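Me: Please take a close look at one part of this model, a small sheet and what surrounds it. Then place that part in the rest of the chain.

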Amino acid sequence: MATTLYFSLSAFLFLLSSADANVKPIRGGVTLQLIHRFSPNLPFHKTDSFQNFLERNDEHFIKRLATFHCESIDVQLITATSGQEHLFFVNLSIGEPPVTQYLAMDTGSHLTWVMADAFKREFKYPPGRSSTQRNITCRSDACKKLGYCNSIGNCMCQTRYGDGQHKLESYLTYDRFVFQNASAHKVIMGIFCNGTGLLGEENFYGILGLSPPYPSFVHWLHDLGAKKFSYYINGVVTDSFHPYARLTLGDKADIRGKTTPLRIDGAHYRISLESISLGRKKLDIDPKLFAQKGIEGGTGVIIDSGSIKTYLRDEAYNILCLAVGDEMVTRGFKQRPNTRNLCYYGIVEEVKRSDFPILSFNFAEGASLLLDEDDLFIDSVLNYFCMTVMPSSTHGPTLKKLSIIGLTAQQDYIMGYDLENQQLAMKLSDI
């Protein structure tokens with residue numbers, strides 16, 4: 001059984017009283033616990049049902065299409081900058097003295113950011129009061145690459161939302177990030193100081209960006225021994241209890257298991273989906289539907305830790321629906337009409353007793369993700385359950401040719417990102 005390090009406020013208060021020499025870059029990496037958003041261990045968790053949470057996300061999903069203008073390439077992302085969709089958070093501290101933060105792990109965000117202390121948060125990061133924090137100057141290469149200079153000489157970065165109603169502005173800075181007895185120095189981050197529109201629930205702290213582009217945190221992984229990271233979500237994401245869920249940064253990252261080429265392109269990690277199987281049957285889906293044709297078309301397949309569900313191009317989704325529907329009919333399940341994705345009356349436990357076949361996403365060079373009933377379906381609040389795969393047209397016409405492999409398809413797998421060799425490892429864990 002893998003060893004996972006658990007972190008608490010008392011551990012970070014110990015860091016506060018420790019000598020700075022005890023917190024330094026180390027070769028070997030660090031392992032951090034991932035905390036589910038509905039876990040009582042998360043300070044800003046709320047008493048709510050996961051099903052209600054998902055339905056709220058589905059209802060407002062299109063409003064979370066974002067275009068980032070903080071880098072030279074404008075890339076439309078499906079991201080939860082408002083904090084609404086992220087499920088797992090990393091406990092770390094920033095600055096000197098170290099301030100505890102809970103940042104959402106997101107492989108779809110390139111900018112690590114925190115909330116300014118002007119917003120009401122329990123643990124506020126106080127800009128200007130950390131001895132290791134420095135603002136990025138307007139003359140620096142980082143500012144020229146990422147942002148712009150405002151009228152009073154601050155380097156700024158702006159994030160706009162696709163609905164035209166939300167705009168967030170941050171100033172760019174850097175500080176030290178502390179993980180237990182390891183640290184990464186001069187990590188670039190944004191501090192959101194102004195915004196229009198909802199910033200998410202109270203006490204949402206920000207995002208740990210693990211997307212490929214600069215200044216993502218992956219560019220500081222060399223401080224932790226190697227340019228690689230891995231994460232593992234044990235059990236179904238509908239359960240708030242995940243004692244072994246972890247994010248490993250640097251040399252300790254687990255990159256064993258079957259691998260598939262990882263294409264680092266724009267703001268995303270792209271992989272080649274070659275086929276989809278249901279049981280022993282390979283579905284009649286043209287693999288060209290998943291081909292990468294460049295950023296402009298929004299095509300290809302990305303792997304994402306910030307998206308809960310999986311999204312397939314409509315042509316592939318429709319074929320999958322027919323195959324799943326045939327299996328459900330033979331097992332006596334009745335489809336629920338007038339839903340955005342495929343839903344049936346009953347509960348997932350009944351499907352598990354019916355010996356439903358395994359769904360397999362098959363990637364280049366032999367790697368696969370195998371989805372059982374708990375991966376493929378999620379119970380709703382009113383005695384029905386729905387498929388965790390949805391059509392990409394949910395996002396609107398801009399992203400209708402893009403497919404996204406979300407967390408429900410990755411649960412129970414150790415996902416290892418080897419950025420030097422550009423390989424993604426998928427290893428089913430029995431923890």
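Reply: The sheet comes first, then its aromatic residues, then the rest of the chain.

This is a predicted model, in which local features need pLDDT of at least 70 and side-chain atom pairs count only at pLDDT 80 or more, while totals for chains, interfaces and linings use all residues. Residues are numbered from 1 along each chain as its sequence is written, and side-chain values use heavy atoms, with hydrogens and water left out.

The part in question is an open sheet of 3 strands, paired antiparallel in the order S22-S26-S25. Helices (H or I, at least four residues) and strands (E, at least two) are DSSP runs, numbered from the N terminus. Two strands pair if DSSP finds at least two bridges between them. At the edges are strand S22 (343–345) and strand S25 (377–379), each of which pairs on one side only. From one strand to the next, the twist averages 25°. Axes here are lines fitted to C-alpha atoms, for helices over the stretch in contact, and angles run from 0 to 180 degrees between N-to-C directions.

S22 is joined to strand S26 (residues 384–387) by 3 bridges in the antiparallel sense. Within this pairing, tyrosine 344 stands opposite phenylalanine 385 in S26. Helix H4 (residues 314–330) packs on the sheet and touches S22, S25 and S26, with its direction at about 140° to that of S26. Contact means heavy atoms within 4.5 Å. The loop between S25 and S26 contains asparagine 383. Its phi is near 55°, a positive value in a residue other than glycine.

Phenylalanine 385 also takes part in an aromatic pair. Rings of Phe, Tyr and Trp (its six-membered ring) pair if their centres lie within 6.5 Å; planes under 30 degrees apart count as stacked, over 60 as edge-to-face and the rest as tilted. By this rule the count comes to 11 aromatic pairs. In one of them, the rings of phenylalanine 333 and phenylalanine 385 have centres 5.8 Å apart and planes at 85°, so the pair is edge-to-face. This pair links distant parts of the chain, 52 residues apart: phenylalanine 333 is in the loop between H4 and S22, and phenylalanine 385 is in strand S26. Both phenylalanine 333 and phenylalanine 385 are buried, where buried means under 20% relative accessible area, exposed over 50% and partly exposed in between (1.4 Å probe, protein chains only). One aromatic cluster is formed by Phe333, Tyr344, Phe356, Phe377 and Phe385.

A second antiparallel sheet can be set beside this one. It is open and has 4 strands, in the order S19-S18-S23-S24. Strand S19 (281–282) and strand S24 (368–371) stand at its edges with a single partner strand each, so one side of each is left without a neighbour in the sheet. Strand S18 (residues 273–278) pairs with S19 over 2 bridges in the antiparallel sense, and leucine 278 has lysine 281 in S19 as its bridge partner.

Elsewhere, strand S12 (residues 206–209) is joined to strand S5 (residues 99–106) by 4 bridges, and these two run parallel. Strand S6 (residues 113–115) pairs with S12 in the antiparallel sense over 2 bridges. Isoleucine 207 in S12 stands opposite alanine 104, and isoleucine 207 is also the bridge partner of tryptophan 113. The loop between S12 and strand S13 (228–232) holds proline 215; the peptide bond from tyrosine 214 to proline 215 is cis, with omega near 10°.

The chain as a whole has 7 helices and 30 strands. Of its 431 residues, 59% count as buried. Among contacts between residues at least 6 apart in sequence, 71% join residues at least 24 apart. A nonpolar core is a set of buried Ala, Val, Leu, Ile, Met, Phe, Trp, Tyr and Cys residues joined through side-chain atoms within 4.5 Å. The largest such core has 109 residues, and Phe217, Phe229 and Leu249 have the most contacts inside it. Apart from it lies another core of 6 residues, including Ile302, Met390, Leu399 and Leu402.
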